[in-house]
Structures are given as C-alpha cells and as structure tokens.
Amino acid sequence: MRRAATLAALLLGGCSFVPSYQRPAAPVPAAFPTGPAYPTATEPLPTITYRDVFRDARLQAVIEQALANNRDLRIAAANIAVARAQYRIQRAEQLPLINSNNTLALVDPGTGRSNVGGSPVTGGQRANYNLAIGVTAFEIDLFGRLAALSQAEQARYFASEAGAQAARLALVGDVATAWLQYGADQSLRALAEATRANAERSVALTRARVAGGVAPRTDLAQAELTLAAAEADLAEQVTATAQDINALQLLVGAPVDPAQLPASIESAAPTIAALPAGVDSGVLLRRPDIVAAEYQLRAANAQIGAARAALFPRLSLTAFAGLASNGLSQLFTSRAFNYTATPGISYPVFAGGRNSAGLQQARARFDIAVASYERSIQAAFREVADALARRGTITDQLGAVERQTAAAAESYRLSEARYKVGVDAFLATLVAQRNLYQAQRTLIATRLTEAANKVTLYRTLGGDALLNGPTLAEAKSAP
C-alpha cells in the first residue's frame, strides 16, 4: 500500500526539466561614477517613501489623489487581474476535471425507442438509471510540462505586479515634476507682471521727458518696445500656467484644488528633500522595472522546461465510476457499482520537428529576455549616473546664477538712477533692464532644475516602500 502511494505521488508530481535559474550578473560597474561632476558618497540609500522626499502637505495630497484616480494605474490594476486569472487557469490544468453524469432512460423494448428526462414512451417500458462521475483525459504531469507552464504564468503575474509598481513610481515623479513646473511658471508669470509694471512706469517717465524736450523720441520707442515684450511674455505665462493645470489634472485623473498648488518655485523647491548619494549600484535591482524584467526572464526560463517536457510522451487517464441499474430500488446497492479506467500514452511519431523547434524557440526567447534584462539595468545605471552628475554641480550653478542676478539688479538700479539725472543714455538703462530680466528668468529655471533633479533621483533609484509590492519570497505564496 505504501509503495502504491509513493508511486502515485511520483506520477502526479512528475519531474522538472526547468533549468536551474541564476540571475545574470549586472552588466554595469559595481559603483556609480565619481569625479568632479558627482556628489560625494555619504551613506547607503535607506528605505524611503514619497512622503520622505515630497514634504509639502499640498503635494502629498495631490499625489494621493493621483494614486487613487489615475487611469493608467487602473489599466495596470486590470492587467494584474488578467495575469492573476491566467495563472490560476494554467495552474488548474494540473488538477483533474471531474464531471458528473446522471441520467434516467425509459426504453420501449418493442421498438427500442427511448425518452431521457421526459414523459414515458408508449407501450412496454424498461427504466435504466445511471449515476456517475468521471475524469476525462486528465494529463498526469509526469515530466513537469504543466508545472513549468504554471511556473511561467506565475512569473508573468509577478512581472505585471512589478510593472504596476513601476507605473505608480513614475506617476508620483510625474505629478511632483508637474507641480514644480506650475510653481516655476507662476514665478515667471509674477516676474512678467512686475516687468510689465516697471516698463509702464518707464514709458510714462520717458514720455514725460520727451514732452519736456529732455529725451529723444527714440528713447520712448525703446521703452514701448520693452513694454510690448513684457506684455507678450505675460500672455505666454498665463497660457503656460493654464496648461500646467491641465497636465496635472490628466495625471491626477480629477480636478485639482487650486489651494493645493504652489504659489512660486521659490516656495515649492525647498520642500523637496534630497536623497543621500550612495555608491553601490546594486540598489538598481530593487527598481520595479528591473524586477519586472527579471520576472519575465524567469518566465522564459520556465518555458524552456515546458518545451523540453514536450519532447516526451504524455500520459493521460480517463476514468468513470458510478451506479447503474434498471430499478431505482437497486441503484444504491453494491451490485449496481461499476467503474472504468483507461490510461493512454500519446507520442507524435512524426511532427516535422515541431517539438524540437519549440525548444529552440524557447531558448531563443530566453536569450532575448536575458538581453532585455541586462539592457534595463544598463539604462537604469545611465539614468542614475546622469541624475547624480546633475546633482553634483547644480548647487554651484544655482549659487552662481543667484550672484549673477544680484549683480544684474544692482547694475539696473545704478543705470536707472544715472538716467534719471541725465548722466547716462536710456539705452544703458534698457540693456541693464533686459540683463536683469534674463538673469531672473535663468534663476527661476535653475531653481526648477535643482528641485526636479531631486525628483529624478527619487524616481530613478526606485524603492519606495509605500508603492512597492511583495518581495519574491512573499509573492510565492500569492494565489
């Protein structure tokens, strides 16, 4: 009895032709680049959440709204449900499908005509009762083909989960960037309004000087030119802020409360925290897109096992057991019990090389998956290295632009004072004003770049504890 149970377990469990999986070595340096363009490494990257990086309560509220309403995330969630269902369908192939067959037949012995489940036929009658359950063509997974296919679908399911995590991570980064962009455009709009007001005063002053014969009409034309340029910039920034709101609403999937938007980049940028600059490139392996690529690699590896198993015969079993009698009173007696069991072995004598070609195809797809996985790591390494290079110099650049803006403001103040007392021509004042305006715009753009760089580091390093799903060990217990 014990030997029979052991044999049955071996038959049902089968063996596995899935190759032993080993993660490919990362085709990138073990550490991120160092040098003048990069920040000094301080400590390993800790476990973080987006709330640790984006500390403004308004931005956090917009992010939470986007995570709840964004349509791309809903599509990703639906894709996860599809992958989960496909895995359960494939796993069910390893279990027998049990059907029941219950009939009542009334047969006329004279004519042989019968009526099943309806009114009796006319003439003499004989009743046949049948109550049975059976298994039809159940494949005993002797060589692990079905188990390998189930393993592949499970890996694809986990890949879809990781893909959804990558989508959430990208969404948070996109929302933060759009929020900062709105703040920058608000600053540019305020600058354009201030420049227009200043240009209006300059036009009024120059017009008075022209009327008094103190200044030529060319000065008035130049002042009006500056005013028109400021008005054009203001109209452009009004459009830009409206488009920023539209972009945010698309990301959020719902209207955005104006109270949740920043008034300027000067107030928004300091609320974005900087991540510590680590040196170990191994942190890339926790990025959701890298995790998804590795699960696709695992799925391709399992497909090789399924293709190998397809080269061997398939063992199937068809069995029925039940009760049959021509009298209802005798249906549930031991004499009414009957059963049949029909094992079958199928093996293609000639298939034109189909199965061997299937194995070659599975191996080629595995090679593609390996290359895709390695390419994902290389792309991620480049993204992080670029972000670190920008971070290593942006502080110096921002300081230089701040000093440039302060110098331009002082130059304009002095030129305007000299023009009012008739020492300098209006052209010198106009040039100083334009230099100041351009320096102020550059300062706003640099502040946006500095804040957006922190967002880029958050997104490229990945690993948000609030957005990431289960680890591989935890995921193996998933349905």
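Biologist: At the start of α4, which backbone nitrogen does a side-chain oxygen of N70 reach?

Modeller: This is a predicted model, so the distances are computed. At the start of α4, the N70 side-chain oxygen comes to within 2.9 Å of its partner. That partner is the backbone nitrogen of D72.

Biologist: What should α4 span at 1.5 Å a residue?

Modeller: Helix α4 runs over residues 71–92. It has 22 residues, and its end C-alpha atoms lie 32 Å apart. That agrees with the expected span, which is 32 Å.

Biologist: Around the axis of α4, how wide an arc do the buried residues cover?

Modeller: The buried residues of α4 are L73, A76, I80, A83, Y87 and Q90. They sit on the same side of the helix, because their arc is only 100 degrees. An α-helix has 3.6 residues a turn, so residues three or four places apart point the same way. The arc covered by the buried residues of α4 is 100 degrees.

Biologist: Which exposed residues does the face of α4 turned away from its buried side carry?

Modeller: The buried side is covered by elements that include α3 and α5. The face turned away from that side carries exposed residues. They are V82, R88 and I89.

Biologist: Y87 and Y157 form an aromatic pair; what is the angle between the planes?

Modeller: The rings lie 6.4 Å apart, centre to centre. The pair counts as stacked, because planes under 30 degrees apart do. The angle between the planes of Y87 and Y157 is 10 degrees.

Biologist: Is Y157 buried or exposed?

Modeller: Y157 lies in helix α5, and its partner Y87 in α4, so the pair ties together parts 70 residues apart in sequence. Buried means under 20% relative accessible area. Y157 has 4% relative accessibility, so Y157 counts as buried.

Biologist: Where does Y458, the partner of F54, lie?

Modeller: F54 and Y458 pair edge-to-face, at 5.1 Å centre to centre and 75 degrees between the planes. F54 is in the loop between α2 and α3, and the two residues are 404 residues apart. Y458 lies in helix α10.

Biologist: Which helix gives the most to the largest nonpolar core?

Modeller: This core has 60 residues, and those with the most contacts inside it include F54, L59 and Y458. Several helices each supply at least two residues, among them α2, α3 and α10. The most, 13 residues, comes from α5.

Biologist: How many residues are in the second, separate core?

Modeller: This core includes A199, V203, A215 and L227. Its residue count is ten.

How values were computed:
Residues numbered from 1 in each chain as written. Predicted model: local features only at pLDDT ≥ 70, side-chain atom pairs only at ≥ 80, totals over all residues. Heavy atoms only, no water. Phe/Tyr/Trp six-rings, centres within 6.5 Å; stacked < 30°, edge-to-face > 60°. Helix = DSSP H or I, 4+ residues; strand = E, 2+ residues; numbered from the N terminus. Buried < 20%, exposed > 50% of the residue type's maximum accessible area, 1.4 Å probe, protein only. Expected span 1.5 Å × (residues − 1). Arc of directions from axis to C-beta. Contact = heavy atoms within 4.5 Å. Polar contact = N/O pair within 3.5 Å; in protein donor to acceptor, adjacent residues only side chain to side chain. Core = buried A, V, L, I, M, F, W, Y, C linked by side-chain atoms within 4.5 Å.
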